[in-house]
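Reader: I'm new to this one and would rather see one corner properly than skim the whole thing. Please pick a single part and walk me through it slowly.

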Amino acid sequence: MELKQSPSEVRIGLVAPGDLTEAFALEELPIDSLWVGGHVASPNPSPEALMALARLSAATERAWIGTSILLLPLYPPAIVAKQVADLDRATGGRVILGVGVGGEYPQEFRACGVPVGQRGRRADEAIVLLRRLWSGEEISHDGPFFPMTDVRIHPPPAQPGGPPIVVAGRKDPAMRRAALLGDGWMPYLYSPRRYAASVSRIRQIADEVGRDLRSFEWYAFVFVNIDRDGRRARQEAARMMGGTYDQDFGPMVDKVAAAGTSDEVTERIQQFVAAGVRHFIFLPATTRAAEFDATVRTLTEDVMPRVRSQAAW
């Protein structure tokens, strides 16, 4: 499979629901990708990201599948390399590895014996090492965190060189990691204005080191809720997001989410596209199954066709 896209093409991804058997139905929709995330030890119950990705791989046949996100500093890179290579081969080369450094839940780092203060440096070293391990050749590595001698992980992934590694985050160190080491950028809880600023920053960093970003992919994780009553859509999005992050999202919904009527959400997503987003990862911001289904249906049948038509002009 080939992931690269033209600058005007806009792709649709969805966060897969907890019951991954529903992924079969989601694949019937005009979407491009499905995503799972997870934690090792967070306050809210959640799956582990690689296990969730494995289950999703068995429940899909067509769509790209990805992690949004895997907390890379918590894992030995050899384990990640092996498991992701196996999944990429099993899916015929449909895996995207979204990674981040976390840190909001220190207990995860205590549980895994990883100092929180090392998470960025560990992630940087792991990204480089993953690509070397995915070569299928015997390697040695003398990095400070993951030294190894005469190690070969094979067979390699189906995708030559391994799956794309997309860097998630919100702050400048994450942008630098994406610009220097990543195959893409995936921020979350961003406004279109902040997304555009991050694109400029990543391009600036890449220019400084002479890196060509023509094959770089621009993702965004966006909460979405669509209702005939725009006020109700925003209230439900704020309620769901507030429960997830344990804070009041009422004042922030209009900045960082796409919530409202179909026309309002279309305009909002068009703003993200104008800011540089080319691959959306949408999470319907509701805990109600009927509203989840209605939002996904309106998103795929009404909103995104309009967005894609506008982007193609």
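Author: First, how the pieces get their names: helices (H or I, at least four residues) and strands (E, at least two) are DSSP runs, numbered from the N terminus. Residue numbers start from 1 along each chain as its sequence is written. You're looking at a predicted model, where local features need pLDDT of at least 70 and side-chain atom pairs count only at pLDDT 80 or more, while totals for chains, interfaces and linings use all residues, and side-chain values use heavy atoms, with hydrogens and water left out.

Let's settle on helix α10, which spans residues 262–275, and look at what surrounds it.

Start with helix α7. The axes of α7 and α10 come within 8 Å and cross at roughly 15°; an axis here is a line fitted to C-alpha atoms, for helices over the stretch in contact, and angles run from 0 to 180 degrees between N-to-C directions. That angle is why α7 and α10 are called roughly parallel. The cut-offs are under 35 degrees for roughly parallel, over 145 for roughly antiparallel, 65 to 115 for roughly perpendicular, and oblique for the rest. The crossing of α7 and α10 is right-handed, meaning the near helix is turned clockwise from the far one by less than a right angle, with anticlockwise giving left-handed.

Who does the touching? On the α7 side you'll find P192, Y195, A196 and V199, and they meet R268, Q271, F272 and A275 of α10. Contact, by the way, means heavy atoms within 4.5 Å. Sorted by type, the residues where α7 meets α10 come out as six nonpolar, one polar and one charged. For that sorting, Ala, Val, Leu, Ile, Met, Phe, Trp, Tyr, Cys and Pro are nonpolar, Asp, Glu, Lys and Arg are charged, and the others, Gly among them, are polar.

Now zoom in on F272, which sits in α10. F272 counts as buried because its relative accessible area is 1%: buried means under 20%, exposed over 50%, and partly exposed in between, with a 1.4 Å probe and protein chains only. Leaving out residues up to four places away in sequence, F272 touches Y190, S191, P192, V222, V277 and F280. F272 and Y195 are 77 residues apart along the chain, yet their C-alpha atoms are separated by 7.5 Å.

One of those partners, V277, is in the loop between α10 and β12 (279–284). With a relative accessible area of 0%, V277 is buried. Besides F272, V277 touches Y195, W218, Y219 and A220, once residues up to four places away in sequence are set aside. V277 also gives you a long sequence jump: V10 is 267 residues apart from it in sequence but 7.7 Å away in space, C-alpha to C-alpha.

Move over to the loop between β9 (184–187) and α7 (192–209), and you'll meet L189. Most residues other than glycine have a negative phi. L189 is not a glycine, but its phi is positive, about 55°. Its 10% relative accessibility is why L189 counts as buried. R193, in α7, is another story: at 75% relative accessibility, R193 counts as exposed. The C-alpha atoms of R193 and K255 are 9.1 Å apart, with their positions 62 residues apart along the chain.

Helix α11 (residues 289–311) packs with α10 too: their axes come within 10 Å and cross at roughly 45°. That makes the pair oblique, and the crossing is right-handed. Among the contact residues are I269 and V273 of α10, and L299, M304 and V307 of α11. The residues of this contact split into eight nonpolar, five polar and three charged.

Finally, step back to the largest nonpolar core, which has 105 residues, with W185, M241, I269, F280, F282 and M304 making the most contacts inside it. Strand β10 (residues 217–226) gives the most to this core, namely eight residues. A nonpolar core is a set of buried Ala, Val, Leu, Ile, Met, Phe, Trp, Tyr and Cys residues joined through side-chain atoms within 4.5 Å. F282 leads you back to where we were, touching I269, L299 and M304, among others.
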